[in-house]
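Student: Could you pick a single residue in this model and look at it closely? I'd then like to follow the packing outward from there, one element after another.

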Amino acid sequence: MTITHRLPQERHIAAFPGPKSAALTERRRKAVSAGVSSLVPVYAADADGGVVVDVDGNSFIDLGAGIAVTSVGASNPAVAAAVTEQSTHFAHTCFTITPYEGYVEVAELLAELTPGDHEKRSALFNSGAEAVENAIKVARLATGRDAVVAFDHAYHGRTNLTMALTAKAMPYKTNFGPFAPEVYRMPMSYPYRDEAGLTGEEAAARVILAIEKQLGADQVAALIIEPIQGEGGFIVPAPGFLPALSAWATANGVVFIADEVQTGFARTGSWFASDDEGIVPDIMTLAKGIAGGLPLAAVVGRAELMDAVHPGGLGGTYGGNPIACAAAIAAIGQMKRYDLAGRARHIEQIVRPRLEALAAETGVIGDVRGRGAMLAIEFVRPGTTEPDADLTRRVAAAALEAGVIILTCGTYGNVIRLLPALVIDDALLLEGIGVLEACVRSHTVRSQRNPS
């Protein structure tokens, strides 16, 4: 892969945070809701490839990619050119008023790329949460049923219905209720924390029994699940779990919805994580990496489900915006041209061994997991499986101060997740991993000296 980067791919920290970022923080305090938080106390001025440059000229290695959004780079030249070209013609007409070719072309690409050779239809929206809401609408209308099954550790968004589907209370749900009804939560397959020896098939059987006893299969409209859970901690279910649930759903007329908002578009080493599991969802929800950083989301599903909705039942003023569609077409073209799914597999091959060696060396990492360029380490207190959220926060903060942006996640707040741009240079990626390793080592030694 040869991609020329516009910015130097280097880490450089002069002052953290610098004076311009400090001034912007004060302006923000007076203008932006305190409910909107930011992980990083610096303000971006430029970004390209694997780096983010702030307003003070600091250059950070970015191992978060805007939460798996800028997979093709934050300022990919092909995406930028497509956006510029489209913006010179029209920025908006509203597809539900005056349609345009870009929307149709994106839908055609999604039908080509998503799992299964059945006939498909798509509807485009603005965000992952909006896609999830509409997927549930489709499933309920098409089946005539109400109940929706979601899972422990799930994250599906922050709108009212998606908060009901999301498992973690703080910060996503606390004091925002009441939530949408007829949502039922089932146990996830979490190999690191499940009882020893529990297979994927057995974990699925546990779920199926609970659904059939507590709800009745004939009352369930949809089962929605992330093939690899994102905010919940990058939890990869045991082999066999997802295929068993998918088969049960098919046998009982339940719509199987794969939420691939974070896992989609080459992130896990395939076009979609469902491909890795050998499953063909009835409906998929997509966003994040789809459009190179522009807001776009999609619901892709079996034609008979998507076409069951009456005209006007799906849509929105900005859904499938023409500039975002142009960006998506260009971004998908870059993924194909540079085989970014293969690039994700390469990232795993060079990063996972480093993480596993770090776990063996330090004794504070209970699990290394993930797939492709969606990798995570779960921090625990030495000799136990007790989550260590404090160590996780300190390591992430130290890495940031050293010039590496990394993200935390997990129900217990004890997971560091790695989501680099798929176009990041190997040398820059490994430098970032080296900083992470040094921070873990440093804080592990400090914790052992001061166990309190």
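**From one strand residue outward**

Tutor: Happy to! Let's start with V220, which counts as buried because its relative accessibility is 1%, and the cut-off for buried is under 20%. Please keep in mind throughout that this is a predicted model. V220 belongs to strand β7. Leaving aside residues up to four places away in sequence, V220 is in contact with R145, A147, V149, I211, L215 and V254. R145 is a nice example of a contact that the sequence alone would not show you: it is 75 residues from V220 along the chain, yet their C-alpha atoms are 6.0 Å apart.

Now let's zoom out to the sheet. It is an open sheet of 7 strands with mixed pairing, and its order is β4-β10-β9-β8-β7-β5-β6. So where does the sheet end on either side? The edge strands, each pairing on one side only, are β4 (120–125) and β6 (183–186). Ignoring direction, neighbouring strands here are turned by 20° against each other on average.

Within that order, β7 (residues 220–225) runs parallel to β8 (residues 255–259), and 4 bridges join the two. One such pair matches L223 with F256 in β8. Helices then pack on this sheet. Helix α4 (residues 101–113) touches β4, β9 (283–286) and β10 (297–302), and its direction makes about 130° with that of β4. Helix α7 touches β5 (147–151), β6 and β7, and makes about 145° with the direction of β6. That brings us back to our starting point, as I211, one of the contacts of V220, also takes part in the helix pair we turn to next.

In this pair, α7 (residues 200–214) packs against α8 (residues 241–251) at an angle of about 35°, and the two axes are 7 Å apart. The crossing of α7 past α8 is right-handed. On the α7 side, the contact is made by G200, E201, A203, A204, V207, I208, I211 and E212, while α8 brings F241, A244, L245 and W248. Sorted by class, these are 9 nonpolar, 1 polar and 2 charged residues.

Further along the chain there is another sheet, and it makes a good contrast in pairing. It is an open sheet of 4 strands, ordered β11-β12-β15-β14, with antiparallel pairing. Its edge strands are β11 (365–371) and β14, each of which pairs on one side only. Neighbouring strands in this sheet are turned by 25° against each other on average, again with direction ignored. Two helices accompany these strands. Helix α12 (residues 340–362) lies across β11, β12 and β15 and runs at about 170° to β11. Helix α13 (residues 389–401) packs on the sheet as well, touching β12, β14 and β15, with a direction at about 40° to that of β15.

β15 (residues 415–418) deserves a closer look, since both of its faces are covered: V415 and R417 on one side and I416 and L418 on the other are all buried. On one hand, β15 pairs with β12 (residues 374–379) in the antiparallel sense over 4 bridges, and R417 is the bridge partner of A376. On the other, 3 bridges join β15 to β14 (residues 407–409), again antiparallel, with I416 standing opposite T408. The hairpin of β14 and β15 has 5 residues between the strands, and G410 there takes a positive phi near 105°.

To finish, here is a second helix pair to set beside α7 and α8. Helix α3 (residues 77–87) and helix α11 (residues 322–337) pack at an angle of about 150°, with axes 8 Å apart. α3 and α11 are therefore roughly antiparallel, as angles over 145 degrees count that way. Their crossing is right-handed. The contact is made by A78, V79, A82, V83, Q86 and S87 of α3, together with P322, I323, A326, A327, A330, A331 and Q334 of α11. By class, this contact has 10 nonpolar and 3 polar residues, and no charged ones.

How values were computed: Residues numbered from 1 in each chain as written. Predicted model: local features only at pLDDT ≥ 70, side-chain atom pairs only at ≥ 80, totals over all residues. Heavy atoms only, no water. Axes fitted to C-alpha atoms, helices over the stretch in contact; angles between N-to-C directions. Left-handed = near helix turned anticlockwise from the far one by under 90°. Contact = heavy atoms within 4.5 Å. Nonpolar A, V, L, I, M, F, W, Y, C, P; charged D, E, K, R; others polar. Pairing = 2+ DSSP bridges. Parallel < 35°, antiparallel > 145°, perpendicular 65-115°, else oblique. Buried < 20%, exposed > 50% of the residue type's maximum accessible area, 1.4 Å probe, protein only.
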